[in-house]
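Reader: I should be grateful for a close examination of one part of this model, set out as a connected account. Please begin from the detail I ask about below and work outwards.

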Amino acid sequence: MNLIVCLHAPPATTDGHTLGRDDTHALGHALALAGTGPSHRVTAVLAGSALETGPLHRALAAGAHRAVRVGGDDFGAADFHTVGQVLAVAIRRLDADLILTGGRSDDDGLGAVPAAVARYLGIGYVASVEEIAMAGDGAVEVVVRGAGRKRRLRVKLPAVLSVVAGPQDSVIAPDRTGNPAEIDLLSLADPEATVVRRRTELLGREEPASRGTEEVTSAAALVAALDRR
Amino acid sequence: MDRAERRWHDRTPGAWRLASTFEATSLPNLLVPIDLRDGEPTGPSLFALSEARRIAHQAGATIYAIAMNDRELAPRVVSDLGRAGADKVILCEGAGLGAPPMEATHGPALLAAVERVPPLLVLFPAGGAGPELAPSLAARIGAAFAARADLVVSETDGPFADGVGRVFLRRWRSDRSSYRRLDPVEIERPVVALLASGRRPGQGGQGGQGGQGGQGGQGGSEDIDIEVIACPPPAQSGIQEIASEPDGLAEVSLSQVLVIVDPAVGVEALARLTAEAPAGVVVVDRKAAATAIAASAPEILIGVGHADLPMVGTPSGRVGVILFGDAVLPPGALADVLWRAPGDPGDVVWADLARALTSLAVPATRAADRAGRESPT
C-alpha cells in the first residue's frame, strides 16, 4: 500500500518544531500503518519552496520512505483551492492508496486543503480522524466523532483522511542519521496544474490584531474581564 | 398552534446559478446548515440563525435553514428555526441523512440545497458538521472559506440597494497575529464559514456575543415555509459504520464557555472544576479531549495551567489564561486576560475559579428558550 502524507511548512517556532501540530499526528499514523506490513510505503509530500523542506527532512528522519517537494509556484500566497489542486496532481502521479493530512495548518488553520485534495482527486474524504487501523481488502478503519456519537467506520480506499490529535500521542521517531534519502522535486509543468483559483483568499484584507493582554490578580477578576470584553 | 406550512416535494435541483447571487437586482441568500441532535437543533445552530438574522436585517437578505434528516422535521422544530431567525427551511430528506453527517453521505444532499438556493454566505454552526462538510462544500462550489469566523456589518451602503449594508467576515490567522476580512461581494463568489458559539438574543447570560446579537439581532417568525428536497442516498459512499457509541466529549464542541485544564495540574483539580462547573461551562482535560477541543469554537475559552490555545477562537471570542508559579506567557500566545496564580495550584485557586465561573453560566438551551418564550417581555 502506498501511503502519502501531505505536510505543510509551519510558521517558525521558538521550540524548533519542524512539523505542523496535526501533521505530526498524520505522519505518526502513516508510519504506524506502514509498520504493519513490509510492502507499505510512506511518501511525504509538501508543496513549497526549497526553503520549506524542513518537514520533509523530518519525515525522512522519522522513517518515511520517500519525500517529495512539489515546486513550481508560490504556494504561500495561494488559496486552498490552488494548494489542493496542486497536491492532487502530484498525488495522482505518485499513485496513492491512502492520503493522510493534518486536520489544520498551523498558520491559517482552515482545514480546507484536505477537502480540496479529495475533491480534485475525486475520491472519498473523512475529516477529523483520530484513530486509523488497517482493515484489509482495500479499506481502513477509522474513529471519528460527530453529532454526539463516537463512531468506528470502515472506509474504502483510496481516500483522503484528515487527522487530528487523538487521546494517544503520535509516536514520531527521533531524528535518525541513517536515512540517506534525498528530497525529490516534482515540478508541475502540467497545464492542469495551472488552472488555479486565486481570488478566494487573496482579496481578503489582512488587518493587524489590536488586542493586548490584560493582567489580573484573581479568578473573579479574570472571569469578569472575559465577560466584559 | 395553527401553522400554515407549505411544502414542495421532489424538486430537481436546478443548475448552479451563482452569478445571479451577485447581481445588484437580487438580494443575497444566507444559508445556515442546521445540526440536529436527537431531532432538536443545537444551540450553536440557533445562534448561527440569530447571527444570520442580525446581518440579514441590515444587509437585506433571505435566511434559509438547511436541515438534513431521514424524516420530516417536527413542526415545533420548524417553529424554533423560524423564531431563531430563518425565513424558510429547506429539508433534505432521505435515507441515512439522520445519521451523523459525513461528506460521503451528506455532502451531495447539502450540495442539492445549495444549488437550489445559490448563497452569498453559508454559515455553519460551531460544534457540528461544519468541519466535515464546510470545506468540501467550499471546494465543490469554488467558494472562499473561513474557519471560526464572525460577522461584521458595515454602516456604509453595500452593493445591493440603498440603505442596505455591506457584510464582512473576519477570521483570525491561527497565530492570532492578524485577522483577515472577507467581503463576499468583492470576492465575487460565496463564502462558506464556520461560526463560533455564542448567546443569541433572549437566551440570557451576561455580556458576551449575545450583546453583539442584541445590537441588531431580531427574532424571526415561527410561521415559515418548509421546502423538502428528496435526496436519495449516494450509490457508493465507501463508508460503512462498524460501531457507534455516545461521545463522552460531545458537549465540548457545543460549548460556549470552555475551560481547558492542563493534566499537569492534577486530576483532583480537574474533577473539582468539572463537578462545580455551572450550566453551559464545560471543563475538560487538554490531552484527553484534544479532538473535541479542536472541533470547538467557544465564545469564551480559559486555559488553566497552560497557554497552548492556538487553534481556537474568533475575533469576537475571548481567551483567558491562568498560569502558576513562575510560568510565563509564551511570545505570541493567545491571552486577552492573564492571571498569574500565586504558587502551586491549590484548593484555594480551584474554589475561587469555580465560584467565579458561575457568573458565566448559560441557561440550558431548550428549557431556557421555552421559559423565555413563554415569559412576557
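Which residue does A:C6 stand opposite in β4(A)?

Author: In this predicted model, A:C6 stands opposite A:T101 in β4(A). That placement belongs to the pairing of β1(A) with β4(A), which is parallel and extends over 4 bridges. On β4(A) there is a second parallel pairing, with β9(A), joined by 5 bridges. Within that pairing, A:L100 has A:L161 of β9(A) as its bridge partner.

The strand itself is mostly covered, with 5 of its 5 residues buried. Burial applies to both faces of β4(A): A:L98, A:L100 and A:G102 lie on one side, A:I99 and A:T101 lie on the other, and all are buried. The residue opposite A:C6 is thus named among the buried ones of β4(A).

The surrounding sheet may be described next. It is an open sheet of 7 strands in chain A, ordered β5-β9-β4-β1-β2-β3-β10, with parallel pairing. The edges are taken by β5 (124–129) and β10 (183–187) of chain A; each has a single partner strand, so one side of each is left without a neighbour in the sheet. From one strand to the next, the twist averages 25 degrees. At the β10 edge, strand β3 (residues 66–71) of chain A pairs with β10(A) in the parallel sense over 5 bridges, and A:V70 stands opposite A:L186 of β10(A).

Helices pack on this sheet. Helix α1 (residues 21–34) of chain A touches β1 (2–7), β2 (41–47), β4 (98–102) and β9 (159–163) of chain A. The direction of α1 makes about 150 degrees with that of β4(A). Helix α4 (residues 113–121) of chain A lies across β4, β5 and β9 of chain A, and runs at about 180 degrees to β9(A). Both α1 and α4 therefore include β4(A) among the strands they meet, contact being counted for heavy atoms within 4.5 Å.

A further helix, α2 (residues 54–62) of chain A, has 7 of its 9 residues buried, so it is largely enclosed by the rest of the structure. The buried residues of α2(A) are A:P55, A:L56, A:R58, A:A59, A:L60, A:A61 and A:A62. They pack against β1, α1, β2, β3 and β10 of chain A. After α2(A) comes A:G63, whose phi is positive, near 125 degrees.

For the chain as a whole, chain A has 6 helices and 12 strands, and 53% of its 229 residues count as buried. Of the contacts in chain A with a separation of 6 or more, 69% are between residues 24 or more positions apart. The accessible surface of chain A comes to about 9600 Å², of which carbon and sulfur atoms hold 50%.

Chain A also meets a second chain. In that interface, 65 residues of chain A are in contact with 85 residues of chain B. The area buried between the two chains is about 6600 Å², with 52% given by carbon and sulfur atoms. On the chain B side, B:R181, B:T291 and B:V337 lose the most area to chain A, together 9% of what that side buries. The rule finds 3 salt bridges across the interface; the side chains of B:E241 and A:R151 meet in a salt bridge with an N to O distance of 2.7 Å.

Conventions. Residues are numbered from 1 along each chain as its sequence is written. Chains are lettered from A and ligands numbered from 1 in the order in which they are written. This is a predicted model: local features need pLDDT of at least 70, side-chain atom pairs count only at pLDDT 80 or more; totals for chains, interfaces and linings use all residues. Side-chain values use heavy atoms; hydrogens and water are left out. Two strands pair if DSSP finds at least two bridges between them. Helices (H or I, at least four residues) and strands (E, at least two) are DSSP runs, numbered from the N terminus. Axes are lines fitted to C-alpha atoms, for helices over the stretch in contact, and angles run from 0 to 180 degrees between N-to-C directions. Buried means under 20% relative accessible area, exposed over 50%, partly exposed in between (1.4 Å probe, protein chains only). Accessible areas come from the Shrake-Rupley method with a 1.4 Å probe; for residues, only the protein chains shown count as cover. Buried area is the accessible area (1.4 Å probe) that two parts lose on being put together, summed over both. A salt bridge is a side-chain nitrogen of Lys or Arg within 4 Å of a carboxyl oxygen of Asp or Glu.
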